[in-house]
Each structure stands twice: as C-alpha cells, then as structure tokens.
Amino acid sequence: MSSRLLRGLLLPVTVLLLHGCAGLVPPADRQGVDERESSRPSFSTLPAISRQDGEEQQATDHEHDLWGAVASRFTLPVPDNARVDAEIRRYARHPEYLREVSERAEPYLYMIVEKLEAANLPLELTLLPIVESAYLPQALSSSSAAGIWQFIPSTGTYFELDRDAFYDGRRDIEASTDAAVTYFSQLRGMFDDDWPTVIAAYNGGQGTLLNAIRQNEQRGHATDFWSLQQIRKETQDYPARLFALVKIFSDPEKYGFTPHAIENRPALAQVELERSVSLVKLADMTGMDHDELYRLNPGFERSITGDTPRQLLVPREAQGRFDVDTLNSAASAAEEWQRYTFARGDSFYRVAQRYGSSVDELLAINRRQSAVARPGQEILVPLGRVDSAIASGNARTHTVQPGESLWAISRKHGVKIAELRRMNAYGDNPVLRPGDEVIVGAEVSGGNDDAPSKYVVQPGDTLWQLAQRFSTTVEELTALNRIGPDAALKPGQELSVASN
C-alpha cells in the first residue's frame with residue numbers, strides 16, 4: 001500500500017464525507033435575552049498581507065489592484081491538457097460573468113488572502129469560491145451545501161461551524177474561510193501537495209480520491225489526478241475549472257476581461273457581540289446601508305443575532321461608530337422580539353395581525369423572501385405589542401355574532417383559545433353574547449399598511465394558483481373572501497389577497 005494511501009486511511013472516518021459543493025458555473029453553461037451590561041466592543045482590524053522585503057515594489061505597483069497582486073503571486077503550474085483548455089474557452093465566452101464575480105469578492109478578498117498566506121496555502125485558492133458559489137454567500141446547492149465555500153451540514157459540523165435558529169457558520173465569511181483553510185491544510189498533507197488531487201478532494205471528498213487512486217494502483221495505472229477514472233464528472237472537471245481561472249486571471253487582457261479593481265489594503269474590522277443585537281437598529285444608528293451590513297455578515301439568518309456571542313464584520317472606516325452605547329441600544333431593540341412556531345392553519349398574514357405587525361415587517365426581521373408559512377417553522381414576532389395595545393385601548397377586536405363561540409373566533413383569527421382567554425381575562429367557560437367585543441390582537445403598526453389588496457380574477461385562475469402567486473394558502477384566501485375551498489372563480493371577480 002502506498003504511503004499516500006496509508007496516511008489517508010489513518011484520518012478519522014468522519015472526514016471522509018463528501019464535501020458537497022454547488023460547482024456554480026457561468027449562467028449560460030449550467031448543467032442539469034439576559035439583561036447585563038455589555039462589555040466594551042473590541043475592534044481588531046484584520047492584519048495586512050505579509051510581504052517579503054523584495055516584494056515591496058510589487059506591492060506598490062498593485063496598490064489599487066488586489067486581484068493583480070494576487071495573480072502575481074500564483075505559484076501552481078497550470079496543467080497543459082484538453083480539460084483545462086475546454087474550461088478556459090468556456091469561461092472566456094463570459095467576460096461579463098468573470099467581471100461580476102470578481103466584484104462580488106471585494107468585501108472579503110483581502111481577508112481571504114491574508115488567511116491563505118498565514119497557512120502557507122497557494123493564493124490560487126482565492127479563485128475557488130468562483131467555482132464553488134460564484135462568491136455568493138447565499139448560494140445553496142441541491143445537497144444543502146451553503147456559503148461561498150459550500151460546506152454541507154455534516155462537513156460544517158466536523159469543522160466546528162455553528163448552526164442555530166439565528167446563525168449558520170457555513171455562510172459566515174470568516175468562519176467558513178477558516179474552516180476551508182483547515183480542510184485544505186489537511187488535504188495537502190494527505191496528498192503530498194499534489195494540488196489537482198487536493199482540489200478534487202475538496203469537491204468530491206478525500207475518500208473518493210483515495211479509492212480512485214487505489215483502483216488505479218491495483219490495475220497498474222498512473223495515479224496522478226488526470227489519470228483517475230473512478231470519480232464523477234463534476235469532480236473530474238473541478239480542478240480544470242480552477243486552473244482555467246488561474247490562467248485567465250494571470251493574463252485577463254488576453255481573455256478580454258478586466259477584473260474589478262479592489263484596493264490592496266485591509267477592508268474589514270471585527271466587533272465582538274456579547275449579547276443579541278438588532279442588525280436593523282445597528283445599521284440605522286451607524287448610518288450603514290442595511291444590505292451592506294448583511295452582505296458582510298451573511299451568517300446571520302435573521303435580523304436579530306441571537307444570544308450566543310458572535311463576531312460582526314464591519315467596514316474598517318466605520319468601526320468607531322459601533323461603540324458601547326450603540327451596541328446597548330441595538331441589544332435593547334433585540335429584546336422587543338420573541339420566537340413563534342407556526343401551527344397548522346397559520347399564515348404570515350394572520351400571525352402579523354395577531355402580534356400587531358405586518359407581513360413585510362415579519363419577512364424583513366426574519367430575512368425571508370417568501371411568505372409561505374409551514375407548520376413547525378420558527379420565526380421572530382414582536383414582543384409586548386398586544387399588551388401595550390390593550391393597555392392603550394388600541395387593541396384589534398372582533399364583534400361576536402349570534403351563535404359564535406370562542407373556538408369559532410379562535411379559528412377565524414388564527415389565535416389560540418388560551419391566548420384569547422389571556423388577552424380578554426376570560427375564565428375557562430366564558431359566556432359570549434352577540435355584540436360583545438373580543439380582543440384578538442393588536443392593530444397593525446402604521447395603520448392600514450397590511451390591509452388586504454384587491455386582485456381581479458383572470459380566465460383560468462384557480463384558488464391554488466393564486467395562493468402560490470401571492471405566497472399564501474387556499475385556506476387564507478377563502479377565509480379573507482368568505483368563500484368555500486371549492487368555489488368556482490369567475491373572470492372579473494374581485495378577491496382580497498393578503499399583502500406580502
């Protein structure tokens with residue numbers, strides 16, 4: 001047995017899981033809350049890229065061109081073979097795509113370079129997120145691989161990337177980069193710095209590559225990566241795609257594109273979060289654009305960071321704005337929200353009405369695009385708005401109709417009977433009389449912002465189609481319009497649809 005195989009087999013079995021990347025390619029070529037005093041935030045600017053004395057002039061030449069500085073320090077030889085040539089031609093047909101992904105890397109690239117250099121890893125790996133995710137932190141593959149480095153859940157857990165209701169470390173730029181650096185450091189030792197094999201193992205799993213090498217050895221065939229046969233096509237193509245990008249970024253003019261200009265200096269700083277904060281409040285108080293703050297911190301699944309202490313990445317020039325008072329205010333804002341688990345029959349519209357919110361507000365705080373509610377899913381909802389509305393006389397009420405029971409009112413408004421009893425100070429068997437006003441929630445913030453909109457039925461429309469179009473349910477549509485689930489829709493008919 002070869003020394004390479006022996007070293008590989010000694011690694012823990014859990015590491016032999018497939019890494020599971022998305023392998024994104026240019027679009028045209030794709031295949032089938034504790035109250036305590038917050039400690040002073042610590043601001044640690046990410047260290048500069050280390051440079052040897054002889055590289056100072058080169059650094060000056062690339063002062064405003066980080067991609068150029070990175071390319072000037074590529075060290076891996078690019079294989080001269082048909083696979084790499086095919087990938088070069090494919091990428092070269094999409095210079096606008098290459099420009100776009102080179103720009104997406106801007107907030108993170110300097111930090112990634114710094115971490116690769118600290119681990120003595122080749123800077124060619126800065127191009128791997130282009131292959132993996134097109135530098136999109138939100139990228140999610142069919143195998144549930146997430147983030148710019150595309151870790152599947154099991155591999156992320158092995159490399160200690162935390163996941164909870166508020167946070168996914170696989171999408172955290174710094175945490176996932178640290179994990180990728182650790183993984184590559186292990187792989188290079190296993191495969192004796194045979195980088196085509198190392199890169200393929202990152203995609204397909206080291207177990208897959210070790211098995212393919214073993215089979216070639218048993219057959220008396222060469223064991224270099226390009227000679228391996230028993231691996232899936234995506235893994236076969238994976239190193240060729242990276243080496244094609246290495247070739248193109250080494251001489252972009254030759255291939256008709258200009259990488260986005262990125263300043264060759266530290267761009268980010270870290271802020272320690274000792275307790276949960278509202279990212280919306282932080283952005284408002286520091287003058288940061290909300291989308292930019294989320295772009296730097298895509299690991300946070302919601303606009304509230306959760307109770308586990310975390311780190312926040314912010315622009316280096318803005319770090320002074322994240323002072324103790326600002327963080328304390330953002331922490332107070334986070335305490336205005338609580339967890340809620342969707343029950344059968346719930347919808348965003350009903351829950352928003354119940355808690356004095358709006359669908360738009362709930363989607364924003366939970367960082368969701370779709371307003372489809374699934375039983376068992378957990379979201380954040382306002383805390384205390386209903387009680388405040390009751391105290392101020394601004395509660396939303398229901399007028400009892402003849403024959404109505406508390407159970408019927410509960411079903412109509414999607415409020416649990418126990419909650420109706422609490423809000424109205426009812427006993428176990430309240431007597432309801434026609435005309436009584438029953439408190440069912442709080443008025444929506446901002447007045448009628450979440451009032452149902454009107455939709456005119458078109459030929460061929462069905463309740464199911466409309467529910468899909470407006471991110472709601474058939475039950476919600478029938479309840480809003482007081483029609484049965486089997487009602488026939490007529491062209492020109494006007495329906496109410498919950499705002500989403």
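**Helix H6 and the packing of H9, H10 and H12**

Helix H6 (residues 109-118) is largely enclosed by the rest of the structure, because 9 of its 10 residues are buried. The model is a predicted one. The buried set consists of Leu109, Tyr110, Met111, Ile112, Val113, Glu114, Lys115, Leu116 and Glu117; a residue is counted as buried when its relative accessible area is under 20%. These buried residues pack against three elements, namely helix H3 (66-71), helix H9 and strand E3 (310-315). Just after H6, Asn120 adopts a positive phi of about 60°.

For the protein chain as a whole, the secondary structure comprises 22 helices and 9 strands. Of the 500 residues in the chain, 52% are buried. The exposed area of the protein chain is about 23200 Å², and 47% of this area is supplied by carbon and sulfur atoms.

Helix H9, one of the elements against which the buried residues of H6 pack, also packs with helix H10. H9 spans residues 173-190 and H10 spans residues 195-204; the angle between them is about 135°, and their axes lie 9 Å apart. That angle makes H9 oblique to H10, since values over 145 degrees would be needed for a roughly antiparallel assignment. The crossing of H9 past H10 is right-handed. On the H9 side, the contact is made by Ala180, Tyr183, Phe184, Leu187 and Arg188, while H10 contributes Trp195, Val198, Ala201 and Tyr202. By residue class, this contact contains 8 nonpolar residues, no polar residues and 1 charged residue.

H10 packs in turn with helix H12 (residues 233-250), at an angle of about 125° and with an axis separation of 8 Å. H10 and H12 are therefore oblique to each other. H10 passes H12 in a right-handed crossing. The residues of H10 that take part are Pro196, Ile199, Ala200, Tyr202, Asn203 and Gly204, and they meet Glu234, Thr235, Tyr238, Pro239, Leu242 and Phe243 of H12. The contact of H10 with H12 divides into 8 nonpolar, 3 polar and 1 charged residue. Tyr202 of H10 appears in the contact with H9 and also in the contact with H12.

Note on methods: Residues are numbered from 1 along each chain as its sequence is written. This is a predicted model: local features need pLDDT of at least 70, side-chain atom pairs count only at pLDDT 80 or more; totals for chains, interfaces and linings use all residues. Side-chain values use heavy atoms; hydrogens and water are left out. Axes are lines fitted to C-alpha atoms, for helices over the stretch in contact, and angles run from 0 to 180 degrees between N-to-C directions. Helices (H or I, at least four residues) and strands (E, at least two) are DSSP runs, numbered from the N terminus. Angles under 35 degrees count as roughly parallel, over 145 as roughly antiparallel, 65 to 115 as roughly perpendicular and the rest as oblique. A crossing is left-handed if the near helix is turned anticlockwise from the far one by less than a right angle, and right-handed if clockwise. Contact means heavy atoms within 4.5 Å. Ala, Val, Leu, Ile, Met, Phe, Trp, Tyr, Cys and Pro count as nonpolar, Asp, Glu, Lys and Arg as charged, and the others, Gly among them, as polar. Buried means under 20% relative accessible area, exposed over 50%, partly exposed in between (1.4 Å probe, protein chains only). Accessible areas come from the Shrake-Rupley method with a 1.4 Å probe; for residues, only the protein chains shown count as cover.
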